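Got your viewer open? Load the model, switch on the cartoon, and keep the selection box handy.

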Amino acid sequence: MQIQEENVILGLKNIISSLFKVNFENFDFSKYRQDLPHSLKELYEIDAFMAKHDCSYETIRFFCNIDRLVPYENLKIEENSFVFLHENQHNWACKTKLNSDEVFYEDKVEPQNSRIIETKIDDFLTTFALQEIAFNFKYYMGLESENIGEIKDNFEQCETIWSEKEFIYSNPCSFYLVDEECLVTFAGMDIFATNNEEKFNFYKKKLKHYNFS
């Protein structure tokens, strides 16, 4: 189920379908501006779909656990540029432009660090979405493990689905799928998370070092 570079958002939807047992059908982008990056329109559709099917944890919106996707209705487009994502404490924000694939990082604390951080918004949004899903699970039923090596050693079906991707943080982000129902993320700390209680309890016993979330 590795996410393929030629269609990363489709790969993301396949991962979400597997984790949440949902079937994405009849996507309709007509209510979104047609000059938005296509992957951003799809992410808004996923967001709306997951809210409709009550797949979020204690939140109306799906992508708002660590960083926040700006609600579509709150987008403020000025001179073709707009903020679509921000950190929960508003220390930084990410901008893009209409009909553009570039992502601009706007540092609110240290403006001199503001810069273009990604030229493929599809990759950026996929990394963001997987991170949010991992934390979505983590708040429900998750562990922080000490290293990805231990996870790989203990689980035979540990598939790399999206690896060594740059994001906001200094450490690259990597994501793994265990038995198609457990999501592992590594971005400075390892998180093993799932919404399958039986598998969670089974795998928890196999990890020697972990902290409860």
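How many residues sit between β3 and β4 in their hairpin? Before you select anything, bear in mind that this is a predicted model.

Now pick the two strands and look at what links them: there are 5 residues between β3 and β4. Click on N99 in that turn, and you'll find a positive phi of about 55°.

Next, colour β3, residues 92-97, and follow how it pairs with β4. The two run antiparallel, joined by 4 bridges. To see one of the pairings, show W92 as sticks and add D107, its bridge partner in β4.

Stay on β4 and select residues 103-107. Buried or exposed: what are most of the residues here? Of the 5 residues, 4 are buried, so the rest of the structure largely encloses this strand.

β4 has another partner to visit. Select β5, residues 115-118, which runs antiparallel to β4 with 3 bridges between them. Y105 is a good place to zoom in, since you can pair it up with R115, its bridge partner in β5.

Last stop: leave the strands and select F24. You'll land in the loop between α1 (8-20) and α2 (38-52). F24 has 15% relative accessibility, so it counts as buried. Which residues does F24 touch, leaving aside neighbours within four places in sequence? Show K13, I16, S17, I46, F49 and M50, which are its contacts on that basis. Finally, draw a C-alpha to C-alpha distance from F24 to F49: the pair is 25 residues apart in sequence and 8.0 Å apart in space.

Notes
Residues are numbered from 1 along each chain as its sequence is written. This is a predicted model: local features need pLDDT of at least 70, side-chain atom pairs count only at pLDDT 80 or more; totals for chains, interfaces and linings use all residues. Side-chain values use heavy atoms; hydrogens and water are left out. Buried means under 20% relative accessible area, exposed over 50%, partly exposed in between (1.4 Å probe, protein chains only). Contact means heavy atoms within 4.5 Å. Two strands pair if DSSP finds at least two bridges between them.
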